[in-house]
Amino acid sequence: MLVVMKTQATPEEIQAVCDYIEQLGFRAHPLPGAQRTAIGITGNKGEVERGNIEALSGVAEVIRVTKPYKLASRDVKEEDTIIRFPGTDATIGGRDIAMIAGPCSIESREQAFAIAEKVAASGAQFFRGGAYKPRTSPYAFQGLGIEALRIMADIRSRFGLRIITEAIDNETLGLVAEWADVVQIGARNMQNFSLLKRAGKLRKPVLLKRGLSATLEEFLMAAEYVMSEGNYEVILCERGVRTFADHARNTLDLSIIPAVQRLSHLPILVDPSHSTGRRDSVLPMARAGIASGADGIIVEVHDHPEKALSDGPQSIYPEQFATMMDELQQIAPVVGRNLPRGIQVETAKA
Ligand code: PEP
Ligand code: MN
């Protein structure tokens, strides 16, 4: 159910409606919009008595939401969600395109700083890097853990880049949330419901990657798990799905971009690295991603990919990332978008 408040409803009236909903044993999700606030109601097994709510002061109408995902749906929130990073001009969603670049794994302080310096110089606003790696083989490099989180925090201080890194389980989630600006939940965990619910209790944006064989509805339901716990800052990411094709690691399903945008207000990124597995395919798919309307690109960059401890063959060189930035800057205006170069960080007042 969705309670649509009147345009002129006061914060006190909105609060009173939320209190009433919670007192009935449901959960209220106030969702401020450009024109008016809507309040999503979840936790209800059947119909909520709409008459009593409709009678509350400031309420315009009560609507039944028929889609299985509610808070992620455009029916509940019409305008695009824009995620902001306090103290900076960086955003994910909205008109500006977000560029997230960095190695698959943080391998050493030197490696991470060398790559961060180059991607920052090319104008990236976000730095990605794995501290905890979900690897297909238990014998493969599993990540540097907390040491990697510290390195990334130092990268944020040095270059201003905001940090995105993955939490692979409930144990690592708290630590990652403490150090990172965005918590990534990987493709293999897209339906790890206990992890999704815990991520919903965070007050940090969550980057949710599409599962290897997830349908659009399953993908949006995974986002709904996070949102149902009160964290509305979810960023979706198309990273390729399993098909019969064997010319690429996965198949980049770009047709999901307009489909998601039709149904949901959440931002969606394209990952041209994991979707192709091949360095020579990354730039063409990044171009296509932005042309298709994606809100940004998350891409693996390594200065010595031949020595990378994970995902070397799909990691592009920093020079290729510079070219990508130049090209996407030209494509962006064609699709009504803007690609900012670099991040402005407010300096602490003395
Ligand atoms: C990654 O971003 O390095 C990663 C493991 O991604 P995915 O979960 O999409 O495979
Ligand atoms: Mn990777």
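## A tour from a buried cysteine to the ligand

Start by selecting cysteine 237: its relative accessible area is 0%, which makes it buried (under 20% relative accessible area; exposed is over 50%, partly exposed in between, with a 1.4 Å probe and protein chains only). Before you click on, note that this is a predicted model, where local features need pLDDT of at least 70, side-chain atom pairs count only at pLDDT 80 or more, and totals for chains, interfaces and linings use all residues. Residues are numbered from 1 along each chain as written, chains are lettered from A and ligands numbered from 1 in the order written, and side-chain values use heavy atoms, leaving out hydrogens and water.

Now add cysteine 104, which is buried too, at 2% relative accessibility. Its sulfur is the nearest cysteine sulfur to cysteine 237, but it sits 13 Å away, and cysteine 237 is in no disulfide. With a disulfide taken as a pair of cysteine sulfur atoms within 2.5 Å, the count comes to zero.

Keep cysteine 104 on screen and show ligand 1, because Cys104 is among the residues surrounding the ligand, along with Gln184, Lys209, Arg239 and others. Try these side chains for oxygen atoms of the ligand:

- Arginine 239 has a polar side-chain atom 2.6 Å from one.
- Lysine 209 puts a side-chain N or O atom 2.9 Å from one.
- Glutamine 184 does likewise at 3.0 Å.

How much of ligand 1 does the protein bury? Taken alone the ligand exposes 300 Å², and the protein buries 97% of that.

Next, follow lysine 209 away from the ligand. Its side chain meets that of aspartate 271 in a salt bridge at 2.7 Å, N to O (a side-chain nitrogen of Lys or Arg within 4 Å of a carboxyl oxygen of Asp or Glu). Lysine 209 lies in strand S11 (residues 206-209) and aspartate 271 in the loop between strand S13 (268-270) and helix H9 (279-291), so the pair ties together parts 62 residues apart in sequence. Helices (H or I, at least four residues) and strands (E, at least two) are DSSP runs, numbered from the N terminus. Both ends are buried: lysine 209 at 3% and aspartate 271 at 1%.

Two more members of the ligand's surroundings, Glu300 and Arg128, form a salt bridge at 3.4 Å, N to O. Glutamate 300 is in strand S14 (residues 296-300) and arginine 128 in strand S8 (residues 126-128), so this pair links parts 172 residues apart in sequence.

For a last stop, pick arginine 278, partly exposed at 39%, and its salt-bridge partner aspartate 280, 2.8 Å away between the closest N and O atoms.

Terms used. Near = heavy atom within 4 Å. Polar contact = N/O pair within 3.5 Å; in protein donor to acceptor, adjacent residues only side chain to side chain. Areas by Shrake-Rupley, 256 points an atom, 1.4 Å probe, with all protein chains shown as cover.
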